[in-house]
Amino acid sequence: MTRHKKKFPAFLWHRRFGLLLVLFIIMLAITGIMLNHTDGLQLSKTRINNSLVLSLYEINPHEPSISYKTEQHIFSQLDDQIYFGNKKLLNDKQQIRGVTNAGEIIILVLSRDVILLSHDGELIDRYPLAQKTEIEHVGMFENRAIIKMMDQSMWQADDDIINWQPIDNMQMKWAPQVQLDNDLKQQLLVQYRGEGLPLERIILDIHSGRIFGQLGVYIMDGVALLMMFLSLSGLWMWWQRKMKQRSKKERKHK
Amino acid sequence: MIFTRFIFITLCFIQLPAFAGGQFLEPDQFIRMAFPQNQPKAKALWLRKNDRENIKQILAHDFRKLRLRYWQQDKKSAWILEEIGKEKPITIGVVINNGKIENIKVLAFRESRGDEIRHDFFTKQFLQATLTNDMQLDRHIDGISGATLSVRAITKVSRIALYLDQQLSTKK
């Protein structure tokens with residue numbers, strides 16, 4: 001009990017912080033050595049495509065995929081990227097609302113715009129449907145494209161799919177949303193993520209804590225301050241011990 | 001009191017981020033303005049390879065569309081076209097009458113800067129402009145400092161509209 005009381009508090013905190021920082025110090029040492037040898041370890045050339053790591057960088061899609069299918073083609077959307085089969089077609093924040101075949105032309109409708117494409121995926125035309133509400137569905141009825149708006153009004157296209165005329169509401173089959181098969185989904189995910197992230201970026205962000213966002217940076221700031229404390233408290237204890245040993249020697253000599 | 005004054009003066013000098021974007025005119029409204037008596041139906045101009053090459057040359061970048069919508073009555077045609085200013089597309093409506101620009105309006109501007117091009121003091125420079133043989137406007141358009149890319153975009157769109165109107169005349 002008396003022995004415990006004699007301990008300088010810096011020793012207690014030195015021990016506690018030391019135990020707390022073990023993993024951080026090992027991690028900082030390993031990542032620091034790796035970053036010192038970036039070229040030798042080819043960190044900038046190695047690309048990481050792991051979905052868990054990429055999700056930390058918010059490179060994975062936030063919204064579930066949307067897909068619509070015609071007889072020959074499938075159109076999909078991952079966030080703001082729209083794909084024709086497995087090829088990227090365009091970037092748009094509007095959501096796909098349906099797709100239908102009108103002979104030589106494919107009509108792809110987004111929430112506000114009508115996009116006309118050839119069967120090779122070439123852009124023929126794109127224009128907004130000048131309506132106050134968003135598009136809900138698209139479909140074909142007696143060889144005419146029909147669009148249903150969110151306000152339940154229905155519009156029929158002319159031969160050239162340029163002008164849309166209001167028509168009476170009727171029951172018809174709309175282009176259904178389909179489930180994206182796993183193979184295609186993986187192909188689209190690879191395109192969505194691009195080449196992935198260089199390993200150097202990830203190691204650097206682990207080292208700085210930035211991989212866990214701003215909170216990680218603050219944690220690493222705290223770790224750095226505690227390491228400074230450890231070095232000073234270690235120095236203090238070494239000095240105290242040295243002074244004690246010196247006074248003991250002096251007493252013995254007396 | 002001094003502290004409150006300090007906060008007030010500081011807030012006066014803080015510059016909030018500018019946002020100049022917005023939809024100024026719906027395409028339908030623009031077409032109604034262009035043809036007040038009787039609004040014609042939209043038609044499609046299918047672009048030949050040569051047309052696409054010329055548009056590409058005016059834009060100085062790729063052009064992907066195969067056809068463009070237009071509205072026409074007698075010698076007057078109206079076009080609604082888009083061109084990127086700095087990062088986002090600017091939607092511009094152009095009315096051509098007898099080969100000359102009769103009206104040009106910015107319908108939607110999505111960039112954060114450079115929307116001065118929508119004002120009449122700037123767009124009136126385009127009125128009655130025609131296209132030269134080398135697909136340039138027949139006059140110099142004075143720029144606006146801080147809106148260089150938007151000025152470039154509207155100038156390109158005006159040249160394309162004049163070019164497309166010429167193609168309608170040659171097709172007849």
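## How chain B is laid out

Start at the N terminus of chain B in this predicted model and walk along: the elements come in the order α-β-α-β-α-β-β-β-β-α-α. That gives chain B 5 helices and 6 strands.

How much of chain B is tucked away? Of its 172 residues, 45% are buried. Chain B also brings together parts that are far apart in the sequence: take the contacts between residues at least 6 apart in sequence, and 59% of them join residues at least 24 apart.

## The nonpolar cores

The largest nonpolar core has 38 residues, and the members that touch the most others are I55(B), W79(B), I117(B) and L164(B). Several elements of chain B chip in with at least two residues each: the helices α3 (49-59) and α5 (148-171), plus the strands β3 (67-73), β4 (76-84), β5 (89-97) and β6 (100-109). Which of them gives the most to this core? That's α5(B), with 10 residues.

There's a second core too, separate from that one. This one has 18 residues, including I124(A), L129(A), I135(A) and W164(A). Keep I124(A) and I135(A) in mind, as both names come back below.

## Where the two chains meet

Now for the contact between the chains. Chain A puts in 15 residues and chain B puts in 12. People often describe the size of an interface by the accessible area that is lost when the parts come together. Here, chain A and chain B bury about 1300 Å² between them, and 51% of that is on carbon and sulfur atoms. On the chain A side, three residues stand out: L123(A), I124(A) and I162(A) supply 40% of the area that chain A buries against chain B, more than any other three residues.

What about charged and polar partners? There are 3 salt bridges between the chains. In a salt bridge between E122(A) and R52(B), the side chains come to 3.8 Å, N to O. Across the interface there are also 9 residue pairs in polar contact. Strand β9 (residues 123-128) of chain A makes up the largest share of the chain A side that touches chain B, with 6 residues. Sort that whole side by type and you get 9 nonpolar, 2 polar and 4 charged residues.

## A closer look at N163(A)

You'll find N163(A) in the loop of chain A between β12 (154-157) and β13 (164-167). Is N163(A) buried or exposed? Its relative accessible area is 13%, so N163(A) counts as buried, the cut-off being under 20%.

Look at who surrounds N163(A). Leaving out residues up to four places away in sequence, N163(A) touches Q156(A), A157(A) and D158(A) in chain A, and K41(B) and A42(B) in chain B. With A42(B) there's a polar link as well: a polar atom of the N163(A) side chain lies 2.9 Å from the backbone oxygen of A42(B).

## A closer look at R112(A)

R112(A) also sits in a loop, this time between β7 (105-110) and β8 (113-117) of chain A. With a relative accessibility of 35%, R112(A) is partly exposed, because that value falls between the 20% and 50% cut-offs.

Which residues does R112(A) touch, if you skip those up to four places away in sequence? They are Q94(A), P128(A), L129(A), Q131(A), K132(A), T133(A), E134(A) and I135(A). Take I135(A), which is 23 residues from R112(A) in sequence: in space, the two are 6.0 Å apart, C-alpha to C-alpha. I135(A) is also one of the members of the second core.

Methods:
Residues are numbered from 1 along each chain as its sequence is written. Chains are lettered from A and ligands numbered from 1 in the order in which they are written. This is a predicted model: local features need pLDDT of at least 70, side-chain atom pairs count only at pLDDT 80 or more; totals for chains, interfaces and linings use all residues. Side-chain values use heavy atoms; hydrogens and water are left out. A nonpolar core is a set of buried Ala, Val, Leu, Ile, Met, Phe, Trp, Tyr and Cys residues joined through side-chain atoms within 4.5 Å. Buried means under 20% relative accessible area, exposed over 50%, partly exposed in between (1.4 Å probe, protein chains only). Helices (H or I, at least four residues) and strands (E, at least two) are DSSP runs, numbered from the N terminus. Contact means heavy atoms within 4.5 Å. Buried area is the accessible area (1.4 Å probe) that two parts lose on being put together, summed over both. A salt bridge is a side-chain nitrogen of Lys or Arg within 4 Å of a carboxyl oxygen of Asp or Glu. A polar contact is a pair of N or O atoms within 3.5 Å; within protein, one must be able to donate a hydrogen and the other to accept it, and residues adjacent in sequence count only if both atoms are side-chain atoms. Ala, Val, Leu, Ile, Met, Phe, Trp, Tyr, Cys and Pro count as nonpolar, Asp, Glu, Lys and Arg as charged, and the others, Gly among them, as polar.
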